Amino acid sequence: MKTEERGTAANPLTYEEWIAEGERLFGKDTKAWKTVCPVCKNVASAAEYIAAGAPHEQIGFSCIGRWTRDAWDLSNSRKKAHATTPASAYLS
Ligand SMILES: [Zn+2]
């Protein structure tokens with residue numbers, strides 16, 4: 001009998017399994033976990049989002065640049081477009 005791979009769209013992990021895998025890969029301190037913005041490639045930890053004043057639900061979802069001025073150069077049209085488009089982030 002073939003065991004179906006876990007963590008796929010057809011066989012997703014539970015929230016508890018996802019947290020356990022994150023702790024195995026990145027450690028128990030979830031505030032130290034980092035995400036990479038798929039658009040501007042900025043890397044930020046959850047602690048950095050919190051320090052920037054980002055709402056909890058935006059950590060790792062929207063670019064941290066929405067809450068920091070340093071990550072943005074609004075004269076750059078690509079980043080200007082990024083500033084108005086929801087971004088998702090991936091575990092680094
Ligand atoms: Zn970004």
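Strands are runs of at least two residues that DSSP assigns as E, numbered from the N terminus. Residues 43-45 form such a run, strand β2, and A44 lies within it. This residue is a useful place to enter the structure, which is a predicted model.

The protein chain as a whole contains three helices and three strands. Taken in sequence order, these elements give the pattern α-β-β-α-α-β. The chain has 92 residues, and 13% of them count as buried. Of the contacts that link residues at least 6 apart in sequence, 40% join residues at least 24 apart.

A44 is one of the buried residues: a residue needs 20 or more other C-beta atoms within 10 Å to count as buried, and A44 has 24, so it passes that cut-off. One of its partners is K34, which is ten residues away along the chain, with 5.2 Å between the two C-alpha atoms. Setting aside residues up to four places away in sequence, A44 touches K34, T35, Y49 and I64.

Two of those partners, Y49 and I64, belong with A44 to the largest nonpolar core. The other members of this seven-residue core are C37, A54, I59 and C63. In soluble globular proteins, nonpolar side chains tend to be buried together. Within the core, Y49 has contacts with A44, A54, I59 and I64, and it also contacts Q58, when neighbours within four places in sequence are left out.

Helix α1 presents another picture. It covers residues 15-26, twelve in number, and its first and last C-alpha atoms are 16 Å apart, close to the 16 Å expected at 1.5 Å a residue. The number of buried residues among the twelve is zero, so α1 lies largely in the open. G27 follows the helix, and its phi is positive, near 100 degrees.

Finally, the confidence of the prediction varies along the chain. The mean pLDDT is 80, and 71% of the residues reach 70 or more. Over residues 84-92, pLDDT is below 50, although the model gives this stretch 23 contacts beyond near neighbours in sequence. Residues 74-78 also stay under 50, and for them the model has three contacts beyond four places in sequence.

Terms used
Residues numbered from 1 in each chain as written. Helix = DSSP H or I, 4+ residues; strand = E, 2+ residues; numbered from the N terminus. Expected span 1.5 Å × (residues − 1). pLDDT = per-residue confidence, 0-100. Contact = placed C-beta atoms within 7 Å. Core = buried A, V, L, I, M, F, W, Y, C linked by C-beta atoms within 7 Å.
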